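Q: I am new to this structure and would like a close look at one part of it. Could you take me through the sheet, and then through what is arranged with it?

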Amino acid sequence: MIRKKVLIFGASGQIGRYCVRKFSKENYKVIAVTRNKHQKAYVLKTQAPIGYLDIEETNIFDQSKIEELIVKSDVCINLVGILFEKGKKNTFKNIHTIFPKILSSICAKNNKKFIHISALGLDKVKNSNYALSKVHGEIEIRKNLPNAVILKPSIVYSVDDKFTTKFMSILNLLPIFPLYYNGNTKFTPVHATDVSDIIFNIVDKEIHSKDIEVIGPEILTFKEILEKLLKAINKRRLLLPLPLFFARLSASIFQLFPSPIITLDQLNLLKYDNIKTENGITNYDVNLPSKIYFEKGINEYAYNWREGGKFSIKEN
Ligand SMILES: NC(=O)c1ccc[n+]([C@@H]2O[C@H](COP(=O)([O-])OP(=O)(O)OC[C@H]3O[C@@H](n4cnc5c(N)ncnc54)[C@H](OP(=O)(O)O)[C@@H]3O)[C@@H](O)[C@H]2O)c1
């Protein structure tokens with residue numbers, strides 16, 4: 001029996017797919033919103049049993065369509081986000097500030113619960129448009145809907161990510177990999193399974209009015225993350241500290257590609273640690289601890305990037 005209806009924007013993405021699986025498994029009906037039903041239905045339809053998933057195609061700035069969807073749902077979750085800007089419409093401001101502002105105002109008008117995914121450690125960052133747009137989005141949400149839950153995850157990984165999978169592909173090919181800021185930046189990587197469990201429990205336990213930093217069970221530096229990825233794919237590579245001048249030069253070239261490995265904006269962001277803030281409330285504080293350690297998490301799928309496949313090395 002269906003318990004509640006959750007409306008998910010960005011359901012076809014990494015965290016979205018895990019949420020569709022988690023919510024539908026727990027007898028929630030998911031209304032998944034995508035910009036392209038034909039392209040994304042293939043991914044989405046395999047995530048939930050028949051009867052537990054509706055797929056809706058919409059322009060995310062079509063306010064009357066959004067309101068129609070919000071009215072027929074109990075909870076609205078926003079997972080829409082971009083890592084780089086493309087064209088005049090897909091800007092950080094439109095996606096991370098204006099869109100959450102619209103969603104939160106419609107949720108407020110219709111008295112619906114709203115969960116928004118922002119990102120961790122943005123408050124101190126001054127020179128990243130990604131960070132600023134996310135922070136402005138949080139401010140707009142709080143103006144419209146003090147009851148909203150804003151989640152701020154550290155880096156989220158899984159077989160569906162654009163982080164570990166991209167890095168493992170590059171580490172497989174290149175003999176040398178650059179270490180930005182000497183590889184010292186700290187992260188608390190959190191698996192998408194843990195993130196979707198946290199989102200589910202926030203809805204199910206009716207937690208509201210909170211900013212929650214979503215962190216994994218350990219702190220790892222950028223260099224330690226790369227070393228663990230190399231171990232998982234059974235490769236040895238030279239991790240070379242890259243002087244900032246060359247890092248900036250390479251990022252300014254990479255950002256000209258259609259799907260850049262790194263942009264100048266991301267390089268600026270990478271300077272700041274991505275760990276729990278001093279006074280922040282984390283998922284641990286609301287009794288929703290993360291369970292998956294990075295090495296164990298990546299070993300579940302890293303064999304796809306390993307010569308000889310899954311059984312080619314002895315795993316601990
Ligand atoms: N992954 C991380 O490490 C991480 C860390 C901190 C915060 N976050 C935040 O968490 C949220 C979800 O992350 P994710 O990793 O699941 O992202 P993702 O895999 O990139 O998915 C994002 C989804 O947003 C939708 N989308 C992208 N660009 C859009 C646009 N221009 N207009 C409308 N929809 C668009 C896409 O859905 P359709 O193509 O189906 O329309 C896509 O499935 C994002 O807000 C992200 O910033 C992620």
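A: What follows starts with the sheet, goes on to the surroundings of the ligand and ends with three pairs of helices.

The model is a predicted one, and everything described here should be read with that in mind. In this model 7 strands form an open sheet, and reading across the sheet gives the order β3-β2-β1-β4-β5-β6-β11, with parallel pairing. The edges are taken by β3, residues 53–57, and by β11, residues 211–214; each of these has a single partner strand, so one side of each is left without a neighbour in the sheet. From one strand to the next, the twist averages 20 degrees.

At the β11 edge, the pairing can be followed in detail. Strand β6, which covers residues 149–153, pairs with β11 in the parallel sense, and 4 bridges connect the two. Within this stretch, Lys 152 has Glu 213 of β11 standing opposite. As background, strands of a sheet pair through backbone hydrogen bonds, either parallel or antiparallel.

Next comes the ligand. There are 23 residues around the ligand, and those that come nearest are Gly 10, Ser 12, Gly 13, Thr 34 and Gly 81. Helix α1, residues 14–25, supplies the largest share of this shell, with 3 residues. Sorted by class, the shell around the ligand holds 12 nonpolar, 8 polar and 3 charged residues.

Helix α1 also leads on to the helix pairs, since α1 packs with helix α7, residues 192–204, at an angle of about 55 degrees, the two axes lying 9 Å apart. With angles from 65 to 115 degrees counted as roughly perpendicular and those under 35 as roughly parallel, α1 and α7 are therefore oblique to each other. Their crossing is right-handed. On the α1 side, the residues that meet α7 are Gln 14, Ile 15, Tyr 18, Cys 19, Lys 22 and Phe 23, while α7 brings Ala 192, Thr 193, Val 195, Ser 196, Asp 197, Ile 199 and Phe 200. The residues of this contact divide into 8 nonpolar, 3 polar and 2 charged.

A second pair is made by helix α3, residues 63–71, and helix α4, residues 92–109, which pack at an angle of about 45 degrees with their axes 10 Å apart. By the angle between them, α3 and α4 are therefore oblique to each other, and the crossing of α3 and α4 is right-handed. The contact is made by Gln 63, Ile 66, Glu 67 and Ile 70 from α3, together with Ile 102, Leu 103, Ile 106 and Cys 107 from α4. By class, the contact of α3 with α4 has 6 nonpolar, 1 polar and 1 charged residues.

The last pair joins helix α6, residues 164–173, with helix α8, residues 222–232; their axes come within 10 Å and cross at roughly 65 degrees. That angle makes α6 and α8 roughly perpendicular to each other, and their crossing is right-handed. Here Thr 164, Phe 167, Met 168 and Leu 171 of α6 meet Leu 226, Leu 229 and Leu 230 of α8. In this contact of α6 with α8 there are 6 nonpolar residues and 1 polar residue, and no charged residues.

How values were computed:
Residues are numbered from 1 along each chain as its sequence is written. This is a predicted model: local features need pLDDT of at least 70, side-chain atom pairs count only at pLDDT 80 or more; totals for chains, interfaces and linings use all residues. Two strands pair if DSSP finds at least two bridges between them. Axes are lines fitted to C-alpha atoms, for helices over the stretch in contact, and angles run from 0 to 180 degrees between N-to-C directions. A residue is near a molecule or strand if its C-beta atom, placed from the backbone, lies within 6 Å of it. Ala, Val, Leu, Ile, Met, Phe, Trp, Tyr, Cys and Pro count as nonpolar, Asp, Glu, Lys and Arg as charged, and the others, Gly among them, as polar. Angles under 35 degrees count as roughly parallel, over 145 as roughly antiparallel, 65 to 115 as roughly perpendicular and the rest as oblique. A crossing is left-handed if the near helix is turned anticlockwise from the far one by less than a right angle, and right-handed if clockwise. Two residues are in contact if their C-beta atoms, placed from the backbone, lie within 7 Å.
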